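Reader: I am new to this structure and would be grateful for a close look at a single part of it. Might the aromatic ring pairs be described, together with their surroundings?

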Amino acid sequence: VTHSIPACIGNMTINSKQLDNESPVSIFAVNKCYVTVQDGTFFNGSGFVALVREGYKVRSDVNITLEFRTTAVHGVLLGVSSAKVDAIGLEIVNGKVLFHVNNGAGRITATYEPRGTNSLCDGKWHKLQANKSKHRISLIIDGNLVQTDNPYIQSTSADTNNPIYVGGYPADVKQNCLTSKSSFHGCLRNLMLTKGQQAELFDFSRAFALRGVFPHSCPGAEH
């Protein structure tokens, strides 16, 4: 077994002596137990998850779906880049969701702007779908579709070869399709990337790097 248990553990005793959870000698990827809990992964606003160490190849088509819950109006959702300009990026900026794609010829952006600045950052779950099909890109938030024109119709493939960074990225990593450096603060769940008929659901606990992120449990909605 190489992965930690996704659970809450309390009142542990060894030889009748209760262990002190409040002042551990060392701690890694352990958070407090929540009074109310939901499925999802909690991002504390300081870190990121890194997936696919060998690099994710977006190429011509990808469909990204996820659900997010946050009260912050800024935060990186997802980025996949290359050493050149090719990249894709999803982020929340000033309460809007932006989906950026660069197939090599220039960055284009689909922007979902809600009616109220905080209406996507209300601490409730929202469904996101971002689709890149050759030079076409679209964004669907809670069933509302946004599309944008791409003048670079000859350029169709985002030749990425870097890991997928979710919720943020390290300071020494280049992201060509993200404008924000703010790490996401809130909860994410059901991240799926689909290419053709091949759908991949990502388990954050199996990330090769994980900072400020607590898989499998999310504090219940704030009141």
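Author: The following account begins with the chain as a whole and then turns to the aromatic rings and some further residues.

The model is a predicted one. The chain contains 17 strands and zero helices. Its C-alpha trace extends over about 70 × 40 × 35 Å along the principal axes. The radius of gyration is 19 Å, which agrees with the value near 17 Å that a compact globule of 223 residues would have. Of the 223 residues, 44% are buried. When contacts between residues at least 6 apart in sequence are considered, 73% of them join residues at least 24 apart. The accessible surface amounts to about 12,400 Å², and carbon and sulfur atoms account for 49% of that surface. As for charge, there are 21 positive and 17 negative side chains, and the centres of these two sets are 4 Å apart.

Attention may now pass to the rings. A pair of aromatic rings is described by the distance of the centres and the angle of the planes. Four aromatic pairs are found in a search of the whole structure. One of them is formed by Phe42 and Phe214, whose rings are stacked, with 6.3 Å from centre to centre and 25 degrees between the planes. This pair links distant parts of the chain, since Phe42 belongs to strand 4 (residues 41-51) and Phe214 to strand 16 (residues 209-214), 172 residues apart. Both Phe42 and Phe214 are buried.

A further pair joins Phe43 and Phe184: the ring centres lie 5.8 Å apart and the planes stand at 80 degrees, so this pair is edge-to-face, as the angle is over 60 degrees. Here too distant parts of the chain are linked, with Phe43 in strand 4 and Phe184 in the loop between strand 13 (164-166) and strand 14 (185-195), 141 residues apart. Phe43 has a relative accessible area of 1% and is therefore buried, the limit being under 20%. Phe184 is likewise buried, with a relative accessible area of 1%. Ring pairs also bring in Phe204, which forms a cluster with Phe43 and Phe184.

Thr41 is likewise placed in strand 4. Its relative accessibility is 6%, so Thr41 counts as buried. Leaving out residues up to four places away in sequence, Thr41 touches, among others, Phe204 and Phe214, the former a member of the ring cluster and the latter a partner in the stacked pair. The residues touched by Thr41 also include Gly186, Cys187 and Leu188.

Cys187 offers a link to another part of the chain. The C-alpha atoms of Cys187 and Val80 are separated by 20 Å, and the two residues are 107 apart along the chain. Val80 is found in strand 6 (residues 75-81) and, at 0% relative accessibility, counts as buried. Apart from its neighbours within four places in sequence, Val80 is in contact with residues including Tyr56, Val58, Ile88 and Ile164.

Two residues with a positive phi complete the account. Asn190 has a phi of about 55 degrees although it is not a glycine, and its place is in strand 14. With a relative accessible area of 46%, Asn190 is partly exposed. Lys134, which is not a glycine either, also has a positive phi of about 55 degrees, but Lys134 lies in the loop between strand 10 (126-133) and strand 11 (136-141). Its relative accessible area is 47%, so Lys134 is partly exposed.

Notes: Residues numbered from 1 in each chain as written. Heavy atoms only, no water. Helix = DSSP H or I, 4+ residues; strand = E, 2+ residues; numbered from the N terminus. Rg over C-alpha atoms; globule rule 2.2 N^0.38 Å. Buried < 20%, exposed > 50% of the residue type's maximum accessible area, 1.4 Å probe, protein only. Contact = heavy atoms within 4.5 Å. Areas by Shrake-Rupley, 256 points an atom, 1.4 Å probe, with all protein chains shown as cover. Lys, Arg positive; Asp, Glu negative; His and termini not counted. Charge placed at Lys NZ, Arg CZ, Asp CG, Glu CD. Phe/Tyr/Trp six-rings, centres within 6.5 Å; stacked < 30°, edge-to-face > 60°.
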